[in-house]
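Trainee: I'm new to this one, so could you walk me through it?
Mentor: Sure, pull up a chair and ask away.

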Amino acid sequence: MPITLEQVFRDEWGRVLASLIGFLGDFDLAEEAAQEAFALAAERWPRDGPPESPRAWLATTARNRAIDRIRRDRTLAAKTRLLEVPEATEDEMDETTIPDERLELIFTCCHPALELDAQVALTLRTLGGLTTEEIARAFLVPQETMAKRLVRAKKKIAAAGIPFRVPPSHQLPDRLAAVLAVVYLVFNEGYGGRGDLAAEALRLGGALAELLPDEPEVHGLVALMLLNDARREARFADGELVLLRDQDRALWDGERIAAGRRSLDRALALGGRGPYALQAAIAALHVEDPLDWPRVAALYAELAALTGSDVVELNRAAALAEGGDVEAALALADGLDLDRYHYLHATRAELLRRLGRVDEARDAYDRALALVHAESERRFLERRRAELGAP
Amino acid sequence: MKEDGMQYLMLIHQGDTPTPFDQEAWGRLSPEEQQQIYADYQALNQTPGVTPGLGMQPPELATTVRVQDGKTLTTDGPFVSVKEALGGYFVFEADDLDAAIELASRVPAARLGGAVEVRPVVEY
């Protein structure tokens, strides 16, 4: 299959833009120059055939365009503090001389001094190459709002001196966690139905795994995303959510599951016991048949100890119940501080029902129904409550 | 993301931080804790790149002035609430925001119930 222009652009945009930002120290100038180079490619390549190295061609062309622009506008040169404007090179840069600075770029985009929404938008724009309009559509905000968000973020990066570099080792764990959170947030936005965002998150995750091959949590996140994404097609039937045990396994993507398991093995081999590696290990157990519920519960216990999250404890309770220990599950759920969380009451209702405590189960369903928002979940709860019969 | 250094105004907001201006709250700290706070501020002032600010009296002693329709209105207290008011400042010349964040995290007020606002200075 011939490689399409769109594919080349998708693959190269982030790298070309990152090296331009590293060279110019200016997001806007870099973005404009990259856009010009990609537009020129779209015009010339179909006519003259693609160059031998598309990446080198794009990087050289964009760099020369930027230098031309600086020359035309010396005041801009002063602003960007390029004391000496380098000569535009006629020769294409060798592919090996183009530094891969995507890692520097993603750490800049996901800097905690930017608000989370802006981190996400900027990452998708610069590394993913999505247009402002595409990002706006994906996050259901007006294009103008998204454009303002991006402008403000870029302005802050320049004015506040947010560095373009990979953080030193004493900052790396915290800052990498911020990067992974952004990628996972993009994935989850996509997992709710907008598949293009999930694909984008997988692409970003893959790039991170390539750039930081020794970080277990990066592989853990990639594994988690692959294992969840593999079940995408089976999660909905006629617009209704399908529970794991009712999913049509023929719709699962076996290749994705295998790739997810490989990433998980890599994370574990690197000693990964962080939140993403643990969630991926749980996701891997979920695609096994029969499902080893006691091991799932044990992993949730480890995850809860790590995160201190009562929501994770609730999942552990559900796993304990599936493993047969309904009494222990109920005792655990009863001790959680999640009174405003409808899943707590829905879970308690199911556990009480299994224990034959019908009146208490009915009350718990009522509590859950009072808190639930999604229409499909409401119908499900009402159905379950009705099955208990009249009081 | 500039090649050369940046200048930051480091604005210290005391919030709930005990300070010697409130002897009762200050007295609840152990002598060791009090000494540590003085030592930390001294270390900050001696950090390369730091230009110490002027010492400020507490926000309770501030006077706020507005002009409406040409008339000067004077009120007792700071513009924002006392807890949100500026308690002190210094200037830090650094490579980038990460360096400023690291230094800000060493300001005692940041760990004692207050916060440090890092504000880049306009460069012409």
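Trainee: Which domains does the domain assignment of chain A give?
Mentor: Bear in mind that this is a predicted model. In chain A, the assignment gives a domain 2 built from two stretches, 100-161 + 169-212. Ahead of that in the numbering sits 5-86, so the answer is domain 1 (5-86) and domain 2 (100-161 + 169-212).

Trainee: Which helix gives the most to the side of domain 1 of chain A that touches domain 2 of chain A?
Mentor: Start with the contact itself: 12 residues of domain 1 of chain A meet 11 residues of domain 2 of chain A. On the domain 1 side, α1 (5-24) and α2 (27-48) of chain A each supply at least two residues. The top contributor, with 10 residues, is α1(A).

Trainee: How far apart are the end C-alpha atoms of helix α19 of chain A?
Mentor: Helix α19 of chain A covers residues 375-387, which is 13 residues. At 1.5 Å a residue these should span 18 Å, and the model agrees with that because the end C-alpha atoms are apart by 19 Å.

Trainee: Over in chain B, which strand pairs with β1 over 8 bridges?
Mentor: Strand β1 of chain B takes in residues 6-13, and its partner runs antiparallel to it. One facing pair is B:Met6 opposite B:Ala94. B:Ala94 lies in the partner strand, residues 86-94 of chain B, and that is β5(B).

Trainee: And what is the bridge partner of B:Thr51 in β5(B)?
Mentor: Strand β2 of chain B, residues 50-52, is joined to β5(B) by 3 bridges, with the two running antiparallel. In β5(B), the partner of B:Thr51 is B:Val91.

Conventions:
Residues are numbered from 1 along each chain as its sequence is written. Chains are lettered from A and ligands numbered from 1 in the order in which they are written. This is a predicted model: local features need pLDDT of at least 70, side-chain atom pairs count only at pLDDT 80 or more; totals for chains, interfaces and linings use all residues. Two strands pair if DSSP finds at least two bridges between them. Helices (H or I, at least four residues) and strands (E, at least two) are DSSP runs, numbered from the N terminus. The expected span of a helix is 1.5 Å times one less than its number of residues. Domain bounds come from an automatic or database domain assignment. Two residues are in contact if their C-beta atoms, placed from the backbone, lie within 7 Å.
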